[in-house]
Amino acid sequence: MRVTRTIITGTLIAALMAGTASADTLREALVSAYHTNPTLTAQRESLKASDANVAIARAAGRPQVSVTGGLNRDLSRSGILDTGGDATLSVGADLNVPLFTGGRVKNSVRGAKTRVEAGRGTLRAVEGDVFTEAVSAYMDVIRDRAVVELNQNNVRVLTTNLEATQDRFQIGDLTRTDVAQSEARLQQGRARLAVAQGNLTSSEAVYRRVIGHPPGTLAPPPPLPPLPKSEDEAVRIALTDNPDLFAAQRLATAAGYDVRVAEAGRLPTVSGVVSGTWVDELNGTFGNGSAAQGSQTTAGLSTTVPIFQGGLIGGRVRQAQALQGQAFEQVVGTERAVVAATRAAFANYYATERAIQAQTVAVQANELALEGVRAEQSVGTRTVLDVLDAEQELLNAQVLLVTAKRDQYVAGFQLLNAMGQAEAQDLGLDGGPLYDPLANYRRVAGSWNDWATDPIHAPAATRTVSPQEMPATPILTPDLVPMSNDPSLPTPAIITPLGPTGLPSSSTLPAPAPSTSTTGVTQPRR
């Protein structure tokens, strides 16, 4: 039993630091989440909607062309109105060019562009949050697998203890009380094992939800980049580069443009107007050039000067100002949240670092204590209960050490996220090209085409439903687009599954760019 305990301590406690060449890496898990996590892919589509708002705002300042046509037939005519014709065909065209809108269009465009910038910040924030959740899910599976193995070994040891106790009871060396204590401790060990297995199943389900596929054999995570040595330095970096705070600030700026748009309702508008009309009374041959035909073209300026609108514009301005005030308050609230998250992550990281050091010593001390108790029990100076207690103390220390290792890594990544340094660009993910939010903006923001459209969206996010979990009647209709890139899942005949995303094999996360400061602290990305 002593040899078994030594092996467990030497291997399972190192579960976070050892892996196999064929194991899935944290990098692969992050790449999978980057390409297939529905929270992240949905946020990209939301940003595309913000891009389109720029084109919508610009359209209000562009020329508008419309064509009208009419075919009218008289049911009755009499007296001087009886001109002999009974049907009239008319065609007209109008060109309206906005010349002055009181700043409404200009500020609407500026507000839309600013909200696009805010949307990019939100996309960065969601990306960092998804990666943080992915790291947490990855480390939870590693931790819970190690805890399950520790408890499985503990059950094996307690089973051996019970058998040995029963044998010694048979020869009268121990009492029934010793047997009962051994059996009670074994059942407690089995209960803890069942709980640990349940926790592992839960962690694997979360991994499957976040990453997009069930966890295989997981390799140990790579080292984290260097982290700040002081809370104040971490907070300064976070206040400079946190994407949530950046998004809140841009939304507050956009709210200021909304106030100007509302105020423009008090100013006159001027438009250039050109129109043409052609009319033909269909009392003879169509288009025969008779006097029954006529045309007219006009050009001029159209001006609207608001005098009194019943308080409408004042209400809109006050509403926009209140929303601007709300945005200002939200900036402060976001700033508070960023400071709190940064300080909490910093404190948790360095607290767990000290906990790892303490628990490592505790494991070593409990190993020695267990050996001593067993030796003393063999000569009769210790009881069976003393041995059981020592074994439990060692198990508790081992579980706490594994948990502390997980907590430290997750807290470190949370600190990176709070500082705005937990995105794909920062982590150097190389599972294909990174998403470029500017590409869609350039494509749609300046479009003049009324007939422009995009293909029906095929989700990039993958389903996690296995063939065994599929309902007897698939909840899919022919008008739905594919929901999976797994060729093993049944899909309607009209749906073509997406191809699988290739994952890289590298497992090292690079550190952020080195700082030029003398403090040794990584500087924020500009």
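**Strand pairing, helix H5 and nonpolar cores**

In strand E3, Val270 is the bridge partner of Phe100. This pairing is read from a predicted model, in which E2 and E3, the latter covering residues 269-281, pair in the antiparallel sense over 12 bridges. Strand E2, comprising residues 87-100, is also joined to strand E1, residues 64-73, by 10 bridges, and these two strands likewise run antiparallel. Within the pairing of E1 and E2, Gly69 stands opposite Val91 of E2.

Among the helices, H5 extends over residues 176-211, and its length can be checked against expectation: at 1.5 Å a residue, its 36 residues should span 52 Å, and because the C-alpha atoms at its ends are 52 Å apart, the two values agree. Just after H5, Gly212 adopts a positive phi of about 110°.

Nonpolar side chains tend to be buried together in soluble globular proteins. The largest nonpolar core of the model contains 76 residues, and those with the most contacts inside this core are Leu30, Phe131, Tyr138, Tyr207 and Phe413. Helix H4, which runs through residues 104-170, gives the most to this core, contributing 22 residues. A second core of 10 residues, separate from the largest one, includes Ile356, Val373, Val387 and Ala390.

The surroundings of Tyr207 can be described in further detail. When residues up to four places away in sequence are not counted, Tyr207 touches Ala29, Ala137, Tyr138 and Val141, together with Gly212, His213, Pro214, Pro215 and Leu218. Gly212, one of the residues that Tyr207 touches, is thus also the residue with positive phi just after H5.

Notes: Residues numbered from 1 in each chain as written. Predicted model: local features only at pLDDT ≥ 70, side-chain atom pairs only at ≥ 80, totals over all residues. Heavy atoms only, no water. Core = buried A, V, L, I, M, F, W, Y, C linked by side-chain atoms within 4.5 Å. Buried < 20%, exposed > 50% of the residue type's maximum accessible area, 1.4 Å probe, protein only. Helix = DSSP H or I, 4+ residues; strand = E, 2+ residues; numbered from the N terminus. Contact = heavy atoms within 4.5 Å. Pairing = 2+ DSSP bridges. Expected span 1.5 Å × (residues − 1).
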